[in-house]
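Here's a quick briefing on one helix pairing and the empty space inside a protein model. Have a look at the structure first, then read on.

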Amino acid sequence: MLASTAQAREFKHDGVLDDWTPADRLDLVPGFGVTGHQLYGYHDAALGKYHLAIVAPVAIGPASTFWLDTDLDSATGYMLWGAYVGAEANINIAWDGTPHLYTGADGEAWVAGPLSHSFNANHTVLELEVSHGLLGSKGHIRTWMDLNNQTFLPTWFGGGGYVIDDKGVPPAPASPDGPIALDGSLGEWTLQDRIDRLPGMAVLNYEVYGRATADTYYLALRALPPASAIGAGTTFWLNTDLNRATGHQVWGIAVGSEHNVNVAWDGTPHLYTGAAAQNWQIGPLPHARSADGGTIEIALDRALLAAPGQTLPKAIDVSVDVNDAIFLPADFTGPGHRLYHPIDLPPKAGDDALRVGLVFSATSAAAFFGDKAYSQLYAAMQHQAALAGMPFELVHEDALLDIQKVKDFSVLLLPYFANVAADKADVVADVLTRLVYHYGTGVVAVGNLLTNDPHGAALPGDSYARMKRVLGVTLEGYWGPQDHVIRAGAGHAITRGYTDGAELGSYPGGYLLYFKRFFSVADSIAIAEAKLADGSTERRAAIWAVEPAARVVHFASPSIAGDTDLVARALRWVAFGEGVAVGLHPTRFDSVFIGRCDMDQSQYIDEAPTVYAQLMPIVNKWKQTLNMVSSYYINVGDNKGAGEITDWTKSGPIYKSLMALGNEIGTHSYTHPHYTASLTPAQLHYEFAQSRDVIAKQLGVPVQSAAVPGNPETLAVDWELNKWFAYATADYSGTSAGYHGAMGWLTPDYDMVYLAPNLYFDFTIIDFKKLSATEGLALWKQQFDSLTAHARGAFVVWPWHDYGPTAYEGPQYQEFMFTDFLAYARDKGTEFVTGLQAAARLKSLRKAAVHVSPIDADSLFVDVDADDEAGVMALRLDLPPGRRVVSVDGWPAFSDDSVWTGAGPRSYLVRLGDAASSEVRLTTLPMRARLLRVEATPTSFRFKFKGEGEVEVSIPAGVTLSGRCGAAGRVGTRSMAFTFDQDAEHTCELKIEQQLRRRSDRRATQRQR
């Protein structure tokens, strides 16, 4: 983008950008900005100065660098990473925060400084200037920005920087697909028009541009010094049917062009068919050249490219032969530079809601090592979206054949999409390319992408060509079977909170494909480490973060993606970059704890009364001391002669007592079959649908859930359960046995939520692993910490049995193992919920809409369109150190980094700052409590919620709060706590009084006396 003028303007270096205009922005072109950043440039030709400014979401620190190519020759000057920029100078921020001018590497050979500059108070805005004389440039420069050695503007330094020119501000096109004035200047072209931006497509010192309107294709080619001027024989090869097998084959093997535009001996372009300049069609075409011959612009009527009776072409592929010497792209055997017609780039719906599109590939599932494993991976990715606080939509792979169906997603998540029909691979890759490069849609992908056919065979040609184009990574190598460990990297937002080298997962005897960057600018986020047979250690990248246009993250394998919280972190980074990430999380607490009790003794008529007489006092204690609820799944029994049947006169009151404590009752089947996979649909109906109906009739409540007994069920079993239940829970899912956090829908066609246990069953610990109760308690704690230490809001499903805390199956089971673990989880900030409540929250998040609109560095507007389940949720903000929420206009219910959302749709204007909040506000609500209303006036504070437990209100300095709601818990100078014993709606109103006003009133009274 160009920003320029020939008139002098006054700039005040004050850290405030009110003297800059939108025309000075260098980074407004889609795909060339970075979220949360603004880059400005201005050339004052009259005074001989270049002005630069940057706005960042983080402090601009030492080692930040403006790279300056002052001769517009990318082959001269300092080469970053040995290949890019060609900078004659750089402006580097020194250790004391002042900018200086250098040559060579950043901060290498000092030239002058400190330069005239100014920061704002928190160093997130920098203005500076540098004179012509210091740069030896009087016309134009090209700049790139490296912020804190972490963020790069533009994200790809090999695709051209931002040009600050002195030729006058170019007229902006009316729209991105507006017409071009042919004048030999690229003033109207933008970086978005660069059709050579895809990884591996650009050639040093050349730029290829294209723009399409309804009737015209515009092409432009620029050769930068020291490249030669564009001369006769230069050819634009046009593949108008996008089929490389039809049309003229360059060298007999490449391109497949239906037409070509060839530059004649007199420098004019003409349209031909066949070989270069073979069959003349029309010419010269409308065009313009620059005075130095380094730039040519061409206009081509679409109608000229259609044969009689054929439809007009839409997208076309352009390959360029410059002077019969340079080829753009360098490899003509691959796709050319794709120029899309506006019909292929339909506008977004205008809804900027934060939304993840989660793609289910049935083709890949069929070739996966198990269809159930693929579905668990798919559900685990939904859990990751919930951890990120992002609403999501479940789509089938065929949605990626139509840009209309996916263009409105802010992020696309591809859990594993290696296998695809050969005739669909390029179509899908093209849609993904448009999403990344034209719509700014971020992508998170796992493993191979579009590399194999449905049977697993590699697709013809370079099977990784589509990965290279879309993700900017390609295959490097293969381990297996090989013990390896995944370790976190450092210095990236995705791994913030992990120590460098922290273990993320261990895979004994596992297999791993590892990948390398194909795109030049990429960060390695995690490392796979293995000990080889010779004793040496080998390390390879396991996760890449790439920025070809939109942000892209690639995970080497499904196990890495499914067994950590890093997909959630990747989603937040892809959506928000280095800015403040905001998400609607399914809990106000640090995690969600779903207790699953399999009531195995329930169908034994002689045992149930004995077991439950011991169990109920324990469950009552858990509720009273820990506010713990759980889901209890019962068997009915149908063999009275063997004593395997429920006595509802004895068990019914016990189950009703459980429900009265807030617990849920579901079915564990009729007879507890151990091999559900062997049952027919009719038998499954009997075991689950009919047991559901019996339980519902006996207890007088709907039964909406099932816990599958016995060995792992299959997808065929789950499909049957999907007919009858709101959710189901089955076998353990974790490393080497599925994926941690398989919480969601097994395919896009399921109505039933699937909640897989991700802690060990009690019998697994005691009976299978043969551990003691003390060892089992330690193992549960270890598993819980692994799931929740970094993944705030994680769902934890804890499976246990009625015989466990009662020690009914033997003394190896001990009640303390259960009670102490629940207390440990409570103290770690978990929220106890039933499975039905957890499923309802996932359903609510899935269909919610969240709009995040930053207003300035200290405030943002968040609009939440959700149902009443939002009243148990929270908006979470990832804030830099020292920043916190200080107020929410009209909604005083928040913590330092979260807003307690209310039931139903609502908007929140969130104010940020560095100091603690000075407002009266709700800071604590009970588990499972639904916030309905909260408001404050200068004299009162009111709130309404449904639930039971303790509510805490924060009191700032200088304020007193009086009144009483429920039973007073703790009363202090800075907070008041109230306890509500009944699970019901509660309304509370407190009186606010300013202490300063009271003292002033007393002094006035004393003077009157």
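Axis angles under 35 degrees count as roughly parallel, over 145 as roughly antiparallel, 65 to 115 as roughly perpendicular and the rest as oblique. Keep in mind that this is a predicted model, where local features need pLDDT of at least 70, side-chain atom pairs count only at pLDDT 80 or more, and totals for chains, interfaces and linings use all residues. Residues are numbered from 1 along each chain as its sequence is written, and side-chain values use heavy atoms, with hydrogens and water left out.

**Helix pair**
- Helix 14 (residues 773–788) and helix 15 (residues 815–827) have axes that come within 9 Å and cross at roughly 25 degrees, so the two are roughly parallel to each other.
- Helices here are DSSP runs (H or I, at least four residues), numbered from the N terminus.
- On the helix 14 side, the contact (heavy atoms within 4.5 Å) includes W780, K781 and F784, while helix 15 brings in residues including F818, D820 and Y824.
- Sorted by class, that contact has 10 nonpolar, two polar and three charged residues.

**Cavities**
- A cavity is a set of points on a 1 Å grid over the protein atoms alone, where a 1.4 Å probe fits but cannot get out.
- Searching the whole structure turns up five cavities of 30 Å³ or more, and the largest has a volume of about 90 Å³.
- Residues lining that largest cavity (an atom within 4 Å of a point) include R194, R197, R338, Y340 and H438.
- Helix 5 (residues 422–438) gives the most to this lining, with three residues.

Notes: Axes are lines fitted to C-alpha atoms, for helices over the stretch in contact, and angles run from 0 to 180 degrees between N-to-C directions. Ala, Val, Leu, Ile, Met, Phe, Trp, Tyr, Cys and Pro count as nonpolar, Asp, Glu, Lys and Arg as charged, and the others, Gly among them, as polar. On a 1 Å grid over the protein atoms alone, a cavity is a set of points where a 1.4 Å probe fits but cannot get out, and a pocket is an open set with protein on both sides within 12 Å along at least five of seven lines; lining residues have an atom within 4 Å of a point. Grid points are joined across faces, edges and corners, and a volume is the space filled by probe spheres set on the points.
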